[in-house]
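Trainee: I am new to this structure and would like to walk through it with you. Could we take it one question at a time?

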Amino acid sequence: MAGSAAAGGAAALGTARTARAADHSPAARGSGSVAVLGGGVAGLTAAHELAERGFRVTVYERRALGGKARSMGVPGSARGGRRELPAEHGFRFIPGIYHNLPDTMRRIPFPGNRNGVWDNLVAPSEMSFARTGREDLRLPLPWPGHRPPDLTFDDVRRALTAVLESVRGIPPHEAAYFVNRVLVFMTSCDERRNDTWEATPWWDFIRAGRMSRDYQRLLAIGVTRNIVATRAEEASTRTVASLLEAFLFNGTGRGADGPLDRILNAPTNEAWIDPWVAHLESLGVAFEIGRTVREVLYEGGRVTGVRVADPSGRTRTVTADHYVCAMPVQHARRTWGPALRAAEPQLARCDRLQTDWMTGIQFYLTESAPLLDGHLNCVDSPWALTAIQQARHWEQHDFPSDYGDGSVVDCLSVDISEWDKPGILYGRTAKQCTRAEVAKEVWEQLKAALNDTGRTVLRDGALHSWFLDPGVDGIGTPHPVNEDELLIHPVGTFHNRPTAATRIPNFFLAGDYVAVDIDLATMEGANASARAAVNALLDRVGSDAPRCPITRLYRAPEFEVLKRHDRNRYRWGLPNALDLG
């Protein structure tokens with residue numbers, strides 16, 4: 001399936017290029033100018049697709065291209081001709097269930113790569129659930145061409161101990177019940193998913209409150225943290241289970257673009273964003289950086305312009321024939337005035353969408369910690385920490401030779417998903433701590449998860465420095481702010497997500513909050529929504545340019561028969577046939 005999907009995308013692109021080369025009519029070349037508001041993954045995708053179809057595109061971005069996906073340097077950290085230490089908003093995760101984003105990556109040239117930026121993806125060979133006070137559960141992630149990590153005798157002993165502890169910790173009847181709940185969802189029709197399961201928290205769906213501690217930590221909390229970065233107690237079952245279903249199929253090689261887990265082989269800007277921007281510039285895309293959108297202006301049934309401010313605060317109105325709003329929802333909705341909202345009611349529904357903090361911190365080490373070749377989930381950490389070591393995956397670099405002052409050999413990149421629960425060091429929430437206190441608290445929580453079974457994984461003496469996302473400000477004061485909040489998915493979110501097309505003929509929406517098949521705040525969702533926005537624009541102007549292909553999550557044919565049966569039961573008011581309650 002992965003090969004056919006990739007071939008299909010390549011064929012569609014080749015057909016599109018051939019059509020554009022052969023047909024020089026105005027409709028095929030594009031029709032007029034487009035202002036793309038926002039330069040994150042959604043905005044850059046929209047610019048890419050529009051430029052390939054002949055539109056004149058200008059991207060307006062308030063801070064830095066790449067948005068939450070970008071990487072950056074640690075100011076003042078470079079010595080001896082090296083680069084600054086690499087930092088990021090949070091580590092990248094590009095699983096095999098993604099199809100639309102990888103298609104775009106294949107079309108971004110990169111020197112020496114046959115498949116462009118896509119060839120910069122590498123697959124970690126394992127992942128781990130780190131449990132405080134018990135051996136960590138270390139899971140292999142096999143895939144064709146997989147190279148298992150080198151394991152010592154002690155690694156094998158610890159892995160077997162963890163598996164046996166987990167088997168004992170989750171009673172057989174609980175494991176069987178969880179399997180049943182997954183099968184209930186997989187055989188549920190779309191109507192039941194969109195109605196009943198969208199209104200049911202994942203915690204309640206799998207009856208976590210009645211189950212053992214390991215069941216709760218691994219199958220309720222651990223799953224939601226890894227898949228949707230949200231709380232199991234409030235996350236929509238539709239969102240969590242849809243992604244879990246997709247990952248299960250991915251793990252069996254069905255409906256996959258590649259391995260279950262993939263990351264980039266270098267800092268994000270180097271491996272992806274900078275080559276992307278260079279390619280867009282070669283297509284004629286213009287970028288205006290440091291431009292903050294203040295208001296989308298509406299009059300006479302159309303958007304007439306956008307008021308933007310430069311870094312000094314001076315404002316001007318920019319105009320175009322069409323406008324693609326590709327900002328994060330918490331920023332975009334501030335720019336939608338009363339007249340615009342009255343003309344398009346779905347904009348008002350976006351006020352009900354909720355965002356929360358999920359932010360990265362990087363620890364720079366003078367010795368490589370003996371962790372694992374993949375992602376780490378600290379399932380007992382109060383601040384819901386997940387992490388990955390970067391250097392072993394950045395094949396293009398010798399870390400101490402290329403970055404910092406020469407003494408740093410690795411970067412441990414950590415995501416903090418919970419900012420409102422007390423920590424173990426200060427007894428305060430992350431928002432109540434200063435930046436330095438956040439770093440100390442996270443370090444202590446990592447040590448509590450990793451140095452707890454007779455082995456020292458992280459040493460204080462190996463910590464060189466740390467870097468916390470600059471989008472976080474005011475922590476430790478009564479008014480903390482985060483410039484880069486993440487859309488979360490409590491029950492009911494699905495029904496408040498807008499479509500890419502609006503009632504306003506020259507105004508379109510793109511972003512990970514827009515309704516697409518992948519019901520999650522992801523780079524894949526941002527990419528798919530931008531494709532949908534471009535297709536809607538092409539429809540509005542009557543263009544005969546090829547539409548952007550949009551690949552949906554994989555649906556197993558053998559389950560479609562069972563879903564049709566469930567649709568009848570749903571319409572009769574009956575539960576799913578497998579539902580044990």
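Mentor: Happily! Let us begin with a term: a residue is buried when its relative accessible area is under 20%. Please keep in mind that this is a predicted model.

Trainee: What share of the residues in the chain is buried?

Mentor: The chain has 581 residues. By the cut-off of under 20% relative accessible area, the buried share of them is 57%.

Trainee: How many helices and strands does the chain have?

Mentor: Both kinds of element occur in the secondary structure of this chain. The count comes to 18 helices and 23 strands.

Trainee: Which helix gives the most to the largest nonpolar core?

Mentor: That core holds 85 residues, and L50, W272, V324, W336, F507 and Y513 touch the most other members. One helix, covering residues 523–541, gives 9 residues to this core. The helix that gives the most is α17.

Trainee: How many residues are in the second, separate core?

Mentor: Its members include L137, W203, F205 and M211. Counting every member, this second core has 34 residues.

Trainee: Why does the distance between the end C-alpha atoms of helix α6 agree with its length in residues?

Mentor: Helix α6 runs over residues 172–186, which is 15 residues. The expected span is 1.5 Å times one less than the number of residues, so α6 should span 21 Å. The end C-alpha atoms agree with that, because they are apart by 21 Å.

Terms used. Residues are numbered from 1 along each chain as its sequence is written. This is a predicted model: local features need pLDDT of at least 70, side-chain atom pairs count only at pLDDT 80 or more; totals for chains, interfaces and linings use all residues. Side-chain values use heavy atoms; hydrogens and water are left out. Helices (H or I, at least four residues) and strands (E, at least two) are DSSP runs, numbered from the N terminus. Buried means under 20% relative accessible area, exposed over 50%, partly exposed in between (1.4 Å probe, protein chains only). A nonpolar core is a set of buried Ala, Val, Leu, Ile, Met, Phe, Trp, Tyr and Cys residues joined through side-chain atoms within 4.5 Å.
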